[in-house]
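Work through the exercises below with the sequence and the structure side by side, and try each task before reading its solution.

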Amino acid sequence: MSLVIGLTGGIGSGKSTASQWFEKKGIAVVDADIVAREIVLPGQPALKEIKETFGEWTIQNDGYLNRQALRSYIFQHVKARKQLEEITHPKIRASIIEQLNSTQSSYSILVSPLLFETEQHLLTDRTLLIDCTEAIQISRAVQRDHQSLEQIKKIIVAQMTRIEKQKRADDIVLNETSPDDLFSQLCPLHEKYLVLAHQA
Ligand code: ADP
């Protein structure tokens, strides 16, 4: 496995925008959100376990996971959230490791909104926080996702606080103005990661 940089940030902070920039530079990006969706596809063991644990209502008529119903259920039941995580987290972790092991680029990025919360940072050598105020997060996420303000705020509350993430991250990029400003801050980090990857 080459050097792994964990890239995180709250909803709407600009993680995808930043990781797409790294991808354009030829850096392999493993997205924990995509992995989380892959491991519950029809036929996957996690989907069967979810059905057996919570009931038939978790599966749609087309055989796919009823994500919306499950999401609102776990928002209301703390214990169910833990149960779901016990099913999914080890499988997500195993798949992330497999993907990171098969990358060919000089270093790799693991992008995850819950990098610290789910201890995925332990799979990385260094972490990068894409940071911005909560007000900016909310306005971007509302525009992008067309979700209600209330829903976005709930997601933010469920995530680790901005201050806690700032304390834990090795590198921090403030993404509060333009994408070009974000990219100009990513440039020197990319150079630094190339040097670190070379030394590793
Ligand atoms: P995340 O992946 O952290 O949820 P995204 O990268 O998807 O965040 O960014 C959220 C939204 O905000 C997207 O529509 C994106 O195009 C936009 N965005 C991100 N960074 C900036 C920026 N610096 N200026 C303007 N819009 C931005």
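Two exercises on a predicted model follow, each with a worked solution.

Residues are numbered from 1 along each chain as its sequence is written. In this predicted model local features need pLDDT of at least 70, side-chain atom pairs count only at pLDDT 80 or more, and totals for chains, interfaces and linings use all residues, while side-chain values use heavy atoms and leave out hydrogens and water.

**Exercise 1.** Find how many helices and strands there are in the protein, and the order in which they run.

Solution. Counting DSSP runs (helices are H or I with at least four residues, strands are E with at least two, numbered from the N terminus) gives 9 helices and 5 strands. Read from the N terminus on, these elements follow the order β-α-β-α-α-α-α-β-β-α-α-α-β-α.

**Exercise 2.** Determine which residues touch the most other members of the largest nonpolar core, and which helix gives the most to this core.

Solution. Begin with the term: a nonpolar core is a set of buried Ala, Val, Leu, Ile, Met, Phe, Trp, Tyr and Cys residues joined through side-chain atoms within 4.5 Å, where buried means under 20% relative accessible area with a 1.4 Å probe, protein chains only. The largest such core has 22 residues, and Ile50, Phe54, Ile96 and Leu110 touch the most other members. Next, look at the helices: α2 (32-38), α3 (45-54), α4 (67-76) and α5 (78-101) each supply at least two residues of this core, and α5 gives the most, with 6 residues. Finally, apart from this core lies another of 18 residues, among them Leu3, Phe22, Ile27 and Tyr193.

Note on methods: Buried means under 20% relative accessible area, exposed over 50%, partly exposed in between (1.4 Å probe, protein chains only).
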